[in-house]
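Me: I would like a close look at a single part of this model. Please keep it brisk.

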Amino acid sequence: MMLFWIATVVLILIAVAVFVVPIYSGKEEDEVASRDELNKAFYKDRVREIELETSEGIVEKQGDLVTELQQSLLDDVTEQKELHENNVSAGLVIPGVLVMIMISYGMYFNVGNLNKVEEWQEVASRLPELSQRLMGEAQDPLSDEEMNDLTLALRTRLHSTPDDATGWLLLGRVGMANRDAETSQSAMKRAYDLNPDDTETQLGYAQTLMMIGDPAQVDFVRFLLKSVIKRDHANVRAMSLLAFDAFEDGKFEQAISYWTMMKNLISPDDPRAPMLNRSIERAQAQLSPTGVTAKSVSITVDLAPSVQLPQQGVLIISAHDENGSPMPIAARRVPLSGSFPVTITLDDNDSMIPERLLSSQSKLMVKARIDTDGNVMTKQGDWFGESQPVDLGSSVEVKINQQYE
């Protein structure tokens, strides 16, 4: 706030100068100069008349008349100076200056949003605290409002330090946590451009691109992850992402290989071990000729009594792998109406990526969400529901009864 007050004081001083200076100079000085020139011209004309009258014999005491004329001119100049010096008093100027200052500050405090500026600066000062809590150094997690505050604080800092690769990486992670794909991708790309050899940056950028699910970026994602593995052969995060990519691409043997290597790197008591076993079993089932018995799933969606439908929107029904990963395997948009339950069938024609067909899954988790803005990312206030894992080819009922907070 110190900078704000300094800036406003400087502006007020400039305004006061613009207001006061013309009062003590300018027009009156021009008028005085014009009157002086007029008096001089009058004096010269009168001197010539006296000389002419003297030559004609009309005037006898030329010297006395000239002396009297000079005295009259001198008296007029003195009177002008006194009039100019006493024309403007401080009693008239000071009230005008005070009124101008009060009006200026009064208008700013009414329409200038000073309170929002103070809130913004207070949020920016909390950046270290919010960053530590995001990175898990504090026990209490960040709320949605605090996540928004952290985003604002990071953007403020990055505006003044645009070459801070760590700051861009942190902003990208915040974007992922907020399910803001656009912010996450742009921030991770900036971090990667600034520090392309950093392992954390490569992993974060790859994870963001996988979350977005852009088929054009698949090869680049694999390049990033394999670059990490080349430098760190025991990087479990990179192996996990590579295994997921291989499984979704139908390369089940490669996925099993990555998951097996991960099992060998972690201890048997690690909480990730059971999940790895299930993933390996699922991939092995895909290799079996009897692993897939059908190519579609019938879905019935109903609403809980507490759900309030928006005036406009769509119903998004999607099928995910049995772990409920954010990226859907197949999805369909259904116009939102007041008629529920809604029954549809998802098959390979609804698959999001040609290389990742619905029929490649043995088990699925089905989700349904009421969307109001057409954005694929969920947001606060969206109603949704999800099923337990079911076999492909079966029928499943999903009840929308939860709301994102």
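Which residue in β8 does Val 301 stand opposite?

Reply: Val 301 stands opposite Val 398 in β8. Bear in mind that this is a predicted model.

Start with the strand that carries Val 301. β1 covers residues 296-303. Its side chains alternate. Val 297, Ile 299, Val 301 and Leu 303 point to one face, and they are buried. Ser 296, Ser 298, Thr 300 and Asp 302 point to the other face and are not buried. In general, side chains in a regular strand alternate between the two faces of the sheet.

Now the partner, β8. This strand spans residues 395-400. β1 and β8 run parallel, joined by six bridges. Val 301 with Val 398 is one pairing. Ile 299 has another, with Val 396 as its bridge partner in β8. β8 has two faces as well. Val 396, Val 398 and Ile 400 make up the covered face. Ser 395, Glu 397 and Lys 399 form the uncovered one. So the β8 residue opposite Val 301 belongs to the covered face, and Val 301 itself is on the buried face of β1.

β1 also pairs with β4. Here the sense is antiparallel, again over six bridges. Val 301 takes part on this side too: Val 342 in β4 stands opposite. Val 301 therefore has a facing residue in each of two strands, Val 342 in β4 and Val 398 in β8.

β4 runs from 342 to 347, and β3 from 330 to 335. The loop between β3 and β4 holds Gly 338. Gly 338 is exposed, because its relative accessible area is 73%, above the 50% cut-off. Compare Val 301, which is buried. Gly 338 lies 28 residues from Pro 310 in sequence. In space, the C-alpha atoms of Gly 338 and Pro 310 are 10.0 Å apart.

One surface feature elsewhere deserves a glance. Ile 94 sits in helix α4, residues 90-111. With a relative accessible area of 48%, Ile 94 is partly exposed. Ile 94 helps make a nonpolar surface patch of about 600 Å². Leu 98, Val 99, Met 102, Ile 103 and Met 107 contribute to this patch too.

Note on methods: Residues numbered from 1 in each chain as written. Predicted model: local features only at pLDDT ≥ 70, side-chain atom pairs only at ≥ 80, totals over all residues. Heavy atoms only, no water. Helix = DSSP H or I, 4+ residues; strand = E, 2+ residues; numbered from the N terminus. Buried < 20%, exposed > 50% of the residue type's maximum accessible area, 1.4 Å probe, protein only. Pairing = 2+ DSSP bridges. Patch = residues over 30% accessible without salt bridge, like charges linked within 9 Å, V, L, I, M, F, W, Y side chains within 5 Å. Areas by Shrake-Rupley, 256 points an atom, 1.4 Å probe, with all protein chains shown as cover. Salt bridge = Lys/Arg side-chain N within 4 Å of Asp/Glu carboxyl O.
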